[in-house]
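User: Please take a close look at a single part of this model, then carry the description on to other parts in the same way. Plain prose is enough.

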Amino acid sequence: MARAIMIQGTMSNAGKSLLAAGLCRIFRQDGYKVAPFKAQNMALNSFITPEGLEMGRAQVMQAEAAGIQPSVLMNPILLKPTNDAGSQVIVNGEVMGSMSAWDYYDYKSALIPKVREAYEKLAAQYDIIVIEGAGSPAEINLKRDDIVNMGMAKMAKAPVLLVGDIDRGGVFAQLIGTVMLLDEDEKDLVKGLIVNKFRGDRAILDPGLVLLEEKAGVPVVGVAPYLDIQVEDEDSLTERFTDSRQVDLIDIAVVRLPRISNFTDFNPLESIPGVSLRYVKNVAQLYDPDMLILPGTKNTMEDLQWLRQSGLEAAILKLAGKGRIVMGICGGYQMLGTSLSDPEGVEAGGTMRGLGLLQMDTVFSPKKTRTQVEGVFSQVGGILADLEGVAFSGYEIHMGEPILAGETYGLDRLTDRVTGTVKEDGACSGNVYGTYVHGIFDREEVAKGVVSAIGRAKGLDVSEIQAVDFAAFKETQYDLLADGLRGSLDMKKIYQILEKGVGDNES
């Protein structure tokens, strides 16, 4: 059975996911078989495994750092918010249904055996499990039947490293206050403190660290720097959404829908020099982009209504009329059609007019399509015509099926990786494109092809445009992450904590 170590935070977005990924990479580099685990993840970014099961992307990222294939055992419960007070509940990769926050809180104790079973199966296959918590263990109103913070640490007999975010201020109060609010048996599990996202002179911080150790009664095992690492973000707290990027030679705007999902689809495009990829949430931020992308969303019809009310619908139609590229991914693709119908109340119910840029009707049904695919662009017109014949890979995760009509043509041809079934996907009409495939830009040939086509249409010299092999690029980023953490964490102490487990604290 594997040894375990757990990363908990003083708040959401304290850097737990990134630190867990970094430790996964370090342990792997040191010769161990290591896997990530998070009992319950709440996020709209999800991934489909080869078996057609759904899991959170944070654990996919951590599995990549560990050099292993992702498995739903690493994330047995995924909550995908449907509104401010409810979520779709996914257990072991399968949709169980939707619940209000209160109903789920009342029900979650029934999921403890599922969490335990997944963890034990995973732990039987690896040397080390790096467990990630959620939010904060000091959320005292949520302690009953906890399955993701101290309850998980107890279940796995995992020592805890508690992480505070100095970049957001008050890190000493974060860490000391969190420890003070823990029960005595929970305090015993906390074996180390980490100050994360530090910028500046460490010598100025050192006196505070001494007092921190004295007041918390727990040693500080590292001060992690603010690392500029390009790996996939977990949720909507990502800094990409607040980054005020300047328009570059080639400008791509992604609409920041209220329920945006799988925005990691666009990371390969923003890694290309000369490309600005901006997230916009109102007309004032839109400007005049070369390409407008409507991303995936958990609630297509409600986000389409928001698009209409915000004035962005009219702006998008104007861009399309000027010949700009407009592209939709998954829910964004559905919005581009003529109509969306929801006869069984899967989303908002009823029928809604689409943007009308593609002659396509979407009908929702309770059945969710979940599959990994290989594909090739097959009927591409307009500015992106040179993508014809270019291969890609990715995955589908959606409810609803399209019905094409008129002058709208299928964009690509997909092959299911498991069954070998071939089908037509997506749609193309002029410079308007849509597809259900997430990850469609990940291959270098696709991302470079899109950017080069835009450049040629603008009369730019595209001979020097360089894209990256995104999988290889991510490997370099995981190594940089590991290097940064090795230089700032006391790895000798962390290995001692890992070896000793949940024994007494040592200073």
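Analyst: A helix is here a DSSP run of H or I with at least four residues, and helices are numbered from the N terminus. The model is predicted.

The part chosen is helix α1, which covers residues 16–29 and so has 14 residues by the DSSP run that defines it. From the first C-alpha to the last, α1 reaches 20 Å, close to the 20 Å expected at 1.5 Å a residue. Eleven of those 14 residues are buried, so α1 is largely enclosed by the rest of the structure. The buried residues include Lys16 and Ser17. Leu19, Ala20, Ala21, Gly22 and Leu23 are also among them, as are Cys24, Arg25, Ile26 and Phe27. Just after α1, Gly31 takes a positive phi of about 95 degrees.

Positive phi also turns up in residues other than glycine. Lys157 has phi near 50 degrees and sits in the loop between α5 (150–156) and β10 (160–165). Its relative accessible area is 60%, so Lys157 counts as exposed, the cut-off being over 50%. Tyr287, likewise not a glycine, has a positive phi of about 60 degrees. The loop that holds Tyr287 runs between α10 (283–286) and β16 (291–294). Tyr287 is exposed because its relative accessible area is 56%.

Leu286, at the end of α10, is in contact with Ala253. Ala253 lies in strand β13, residues 250–255. With a relative accessible area of 0%, Ala253 is buried. Beyond its neighbours within four places in sequence, Ala253 is also in contact with Arg278, Val280 and Pro289, and with Met291, Leu292 and Ile293. Ala253 and Lys368 are 115 residues apart in sequence, and their C-alpha atoms are 28 Å apart.

Next comes a pair of helices. Two packed helices are described by the angle between their axes and by the distance between the axes. For α11 (residues 300–310) and α12 (residues 312–321), the axes come within 4 Å and cross at roughly 85 degrees. That angle makes α11 roughly perpendicular to α12. On the α11 side, the contact is made by Trp306, Leu307, Arg308 and Ser310; on the α12 side, by Leu312, Glu313 and Ile316. These residues divide into four nonpolar, one polar and two charged.

The last site is Glu396, in strand β22, residues 391–404. Glu396 has 2% relative accessibility and therefore counts as buried, under the 20% limit. Two polar contacts involve its side chain: one of 3.0 Å to the side chain of His398, and one of 2.9 Å to the side chain of Lys423. Leaving aside neighbours within four places in sequence, Glu396 is in contact with Lys423 and with Ile48, Thr369, Arg370 and Thr371. Val373, Leu414 and Tyr436 are also in contact with Glu396. Between Glu396 and Cys330 there is a separation of 66 residues in sequence, with 8.0 Å from C-alpha to C-alpha.

Notes:
Residues numbered from 1 in each chain as written. Predicted model: local features only at pLDDT ≥ 70, side-chain atom pairs only at ≥ 80, totals over all residues. Heavy atoms only, no water. Helix = DSSP H or I, 4+ residues; strand = E, 2+ residues; numbered from the N terminus. Buried < 20%, exposed > 50% of the residue type's maximum accessible area, 1.4 Å probe, protein only. Contact = heavy atoms within 4.5 Å. Polar contact = N/O pair within 3.5 Å; in protein donor to acceptor, adjacent residues only side chain to side chain. Expected span 1.5 Å × (residues − 1). Axes fitted to C-alpha atoms, helices over the stretch in contact; angles between N-to-C directions. Parallel < 35°, antiparallel > 145°, perpendicular 65-115°, else oblique. Nonpolar A, V, L, I, M, F, W, Y, C, P; charged D, E, K, R; others polar.
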